[in-house]
Amino acid sequence: LAMSHFTRALEIYDKYSTIEEELRAIGDVKLNMAVAHYRAQEYSESEAAYSDAVDIYENVVEKGKNPILDGLENMAQQQQQQQIMQQVGIGPDGNLLPQQQQQNDQQGGDVVIDLDSFRASLANATQEPQ
């Protein structure tokens, strides 16, 4: 049953995919197929699907990066940036959060954000770990 869903997903991707993110998804489907074949003790099919997944990943993921973890790093950085923006009172849309807007209205309506602190916080959040 799972294999029929994987096969259908590949058919859909083959028909409509043109961007890198979709190619990566095809690699994910192929990897899942490899696992399903392996569990069914279909080792040659598993190896073929795994080989296809590796070929795709080599084309869409930066060399030396784990394709499974690659997207998680980006998500973590985005979360950090959103938390910092929230701390200074800016929402994901770039507008002031309601509580920050209310506070600014009470203080005369001027929006005051320490841009140097904001930039430093963003820079620290997006630095590569050493």
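## Report on a predicted helical model

On one side of helix H3, the residues Ser 44, Glu 47, Glu 58 and Asn 59 are exposed; this is the side away from the buried residues of that helix. The structure described here is a predicted model, and H3 serves as the starting point of this report.

**Helix H3 and its two sides**

The buried residues of H3 are Ser 46, Ala 49, Ala 53, Ile 56, Tyr 57 and Val 60. When the helix is viewed down its axis, these buried residues fall within an arc of 100°, so they line one face of H3. The length of the helix can also be checked. At 1.5 Å a residue, the 18 residues of H3 should span 26 Å, and the C-alpha atoms at its ends are indeed 26 Å apart, which agrees with the expectation.

Two serines of H3 may be considered in turn. Ser 46 belongs to helix H3 and has a relative accessible area of 9%, so it is buried, the cut-off being under 20%. Leaving aside residues up to four places away in sequence, Ser 46 touches Ala 34, His 37 and Tyr 38. Ser 51 is likewise found in helix H3, but its relative accessible area is 35%, and it is therefore partly exposed. Between Ser 51 and Leu 31 there are 8.7 Å in space, C-alpha to C-alpha, although they stand 20 residues apart in sequence.

**The nonpolar core**

In soluble globular proteins, nonpolar side chains tend to be buried together. In this model, the largest nonpolar core has 12 residues: Phe 6, Leu 10, Ile 26, Val 29, Met 33, Ala 34, Ala 49, Ala 53, Ile 56, Tyr 57, Val 60 and Val 61. Three helices, H1 (2-16), H2 (20-39) and H3 (43-60), each supply at least two residues of this core. The greatest contribution comes from H3, which gives five residues.

**The loop between H2 and H3, and an aromatic pair**

Gln 41 lies in the loop that joins H2 and H3. Its phi is near 60°, a positive value in a residue other than glycine.

One aromatic pair is found in a search of the whole structure. The rings of Tyr 38 and Tyr 43 have centres 5.4 Å apart and planes at 70°; because an angle over 60 degrees counts as edge-to-face, the pair is of that kind.

The table lists the relative accessibility of Gln 41 and of the two tyrosines.

| Residue | Relative accessibility | Class |
|---|---|---|
| Gln 41 | 59% | exposed |
| Tyr 38 | 52% | exposed |
| Tyr 43 | 46% | partly exposed |

**The chain as a whole**

The protein chain contains six helices and zero strands, and along the sequence it follows the pattern α-α-α-α-α-α. Of its 130 residues, 23% are buried. Among the contacts with a separation of 6 or more, 45% are between residues 24 or more positions apart.

Confidence in the prediction varies along the chain. The mean pLDDT of the protein chain is 75, and 57% of its residues reach 70 or more. Among the elements of the chain, H3 has the highest mean pLDDT, 88, whereas helix H5 (residues 98-106) has the lowest, 64.

Key
Residues are numbered from 1 along each chain as its sequence is written. This is a predicted model: local features need pLDDT of at least 70, side-chain atom pairs count only at pLDDT 80 or more; totals for chains, interfaces and linings use all residues. Side-chain values use heavy atoms; hydrogens and water are left out. A nonpolar core is a set of buried Ala, Val, Leu, Ile, Met, Phe, Trp, Tyr and Cys residues joined through side-chain atoms within 4.5 Å. Buried means under 20% relative accessible area, exposed over 50%, partly exposed in between (1.4 Å probe, protein chains only). Helices (H or I, at least four residues) and strands (E, at least two) are DSSP runs, numbered from the N terminus. The expected span of a helix is 1.5 Å times one less than its number of residues. The arc is that of the directions from the helix axis to the C-beta atoms. Rings of Phe, Tyr and Trp (its six-membered ring) pair if their centres lie within 6.5 Å; planes under 30 degrees apart count as stacked, over 60 as edge-to-face and the rest as tilted. Contact means heavy atoms within 4.5 Å. pLDDT is the predictor's confidence in each residue, from 0 to 100.
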